[in-house]
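Okay everyone, thanks for coming. I'd like to walk you through a new structure, so have a look at the screen and we'll take it piece by piece.

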Amino acid sequence: MKLFSSSVGKKTSRRSFLSRTTLGISGALLATSYNGLACSIEKTPKSSAPSDLKITAVKCGFIRNEHSLFVKIYTNQDIVGHGQGVDGVYGTYHVVHHLAKNHLIGKNPLNINRLQEEMRRGGLFKGAQAGMYVCVMTALETALWDLVGKALGLPVYQLMGGKFRDKIRVYCDTAGSRLEPQEMGRRAKEDVDKYGFTAVKFDIDDRQDPNKLDLYNWSVSIPELRRMEDQIAAVREAVGPNIDICVDCHGRFDEASGMKIAKALEPYNLMWLEEPVPAEVPESYARIRESTTTPICGGENWYLTYGFRHPFEIGAVDVIMPDLQKCGGLGEGLRIANLANTYNTPFAPHMVASYLGAISSAHVCAAVPNFLILEWQIYFHESEMFKEIVNFEGDFLTKDGYIPVPNKPGLGVEINEEAMRKYATPGIPFFE
């Protein structure tokens, strides 16, 4: 990517501005008071003053049958920002271009918070409270952070106020709700022994379980509950007492069932039970939390900082897990984490994106004090696609299961557009 441009006719740079303003200063003063400043400015990457930056185009592409939206924001200085949104992005090609046309094109990308607020306010009657609109806005806002970091020569975490940590602990989501207990235990041990993870997560909700009462009733049956307990008992036995275990229910059960599941899993010392009931009923979360010693986690399907206010006020969760590829953006994730910190609640983001999404989340995790752990997907190790579709340096993870926080300007990871092309969703324009 070009971060420099030497073409004649570019607008006045900060370097030339400094030169003009110091012409009248004595040589001695220039050599002393201004020498350090001049050297600092000389080393700063730029093609012209950041105040001259303008967004010129926004393009997007979809993969994974439209589960994943990738965006690129272009500027008049050949600096390009990259971002990703997930889940609520199906059918949103025209939403991307609507937001770009009405709120981004021709604007200075340095004003990230203002642009995000203009997108949000501009959509108050278009669905900007949650869902698809917010997911698309998230991808665009993330690309703005990447773009600004590149323009100023700083990693995103530095733009957010600096970092509390150099590496980000992750847990491996291996899914597997339909696995036999022994197989679930085997996979958990493989996650720990082969990849170095210190925490694992498994799904236990299974709509196809033959012991379910029916396909639409989400009360847990006694045999179904026994199957869940057997699975997690096998995982605990396989990994031993010192590895954290998370369990995901995907918001699929009613309140009484959530209480039963949380109580049944108490002996296994879970890191958390995730979304035992639908996100629409935070009061149920609070009552389940009061009924058990198993920590309760939620937030994957709450949007914007506003969406987290009420759950915090009623004590709905022990751990908060916004998805930073759909909650409103990286800045929004920072605000949610800081709000959580005022309620003494750990921050553990949900993450079902690509490595671009993982690194985007890692910058926020580095910049907040109350970070606990970040989600990581086993598909990073099982599918070559996830390495092909991004450009990055080094390894995905350290040997002990951490993401090293990049120190490169911006996010430190970029979309590999050409490699991604073979995975593009048919029938939708691809970065056009």
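Before anything else, a word on pLDDT: that's the predictor's confidence in each residue, on a scale from 0 to 100. We need that here because what you're looking at is a predicted model. Averaged over the chain, the pLDDT comes out at 90, and 89% of the residues score at least 70. Do keep an eye on residues 1-41, though, where the pLDDT is below 50. In the model that stretch has 46 contacts beyond near neighbours in sequence.

Now the overall picture. We've got a chain of 432 residues, and 56% of them count as buried. For secondary structure, you can pick out 17 helices and 13 strands. And how do the contacts spread along the sequence? If you take contacts with a separation of 6 or more, 73% of them come from residues 24 or more positions apart.

Let's start with the sheet made by strands 1, 2 and 3. It's an open sheet, the order is 1-2-3, and the pairing is antiparallel. So which strands sit at the edges? That would be strand 1, residues 55-63, and strand 3, residues 81-86, each of which pairs on one side only. Ignoring direction, neighbouring strands in this sheet are turned by 20 degrees against each other on average. Zooming in, strand 2, which is residues 68-75, pairs with strand 3 over six bridges. If you want one spot to click on, find S68: across from S68, in strand 3, is V86.

Quick reminder for anyone who doesn't do this every day: strands of a sheet pair through backbone hydrogen bonds, and they can run either parallel or antiparallel.

Next up is strand 5, residues 199-203, where the pairing is parallel with both strand 4 and strand 6. With strand 4, residues 167-173, there are two bridges, and D173 has K201 of strand 5 as its bridge partner. With strand 6, residues 244-248, there are five bridges, and D203 stands opposite D248.

Is strand 5 mostly covered or mostly open? Mostly covered: five of its five residues are buried. A199, K201 and D203 point one way, V200 and F202 point the other way, and every one of these is buried.

From F202 we can hop over to R187, which is in helix 8, residues 181-195. Setting aside neighbours within four places in sequence, R187 touches F202, and also T174 and L179. How exposed is R187? Its relative accessible area is 28%, which lies between the 20% and 50% cut-offs, so R187 counts as partly exposed. There's also V235, 48 residues away along the chain from R187, and the two C-alpha atoms are 8.4 Å apart.

Last stop, a pair of helices. The axes of helix 6, residues 132-152, and helix 13, residues 330-342, come within 7 Å and cross at roughly 95 degrees. Angles from 65 to 115 degrees count as roughly perpendicular, so that's how we describe helix 6 and helix 13. On the helix 6 side the contact is made by E141, T142 and W145, and on the helix 13 side by L330, G331 and E332. What sort of residues are they? Two are nonpolar, two polar and two charged.

That's my tour, so over to you for questions.

Notes: Residues numbered from 1 in each chain as written. Predicted model: local features only at pLDDT ≥ 70, side-chain atom pairs only at ≥ 80, totals over all residues. Heavy atoms only, no water. Axes fitted to C-alpha atoms, helices over the stretch in contact; angles between N-to-C directions. Helix = DSSP H or I, 4+ residues; strand = E, 2+ residues; numbered from the N terminus. Parallel < 35°, antiparallel > 145°, perpendicular 65-115°, else oblique. Contact = heavy atoms within 4.5 Å. Nonpolar A, V, L, I, M, F, W, Y, C, P; charged D, E, K, R; others polar. Buried < 20%, exposed > 50% of the residue type's maximum accessible area, 1.4 Å probe, protein only. Pairing = 2+ DSSP bridges.
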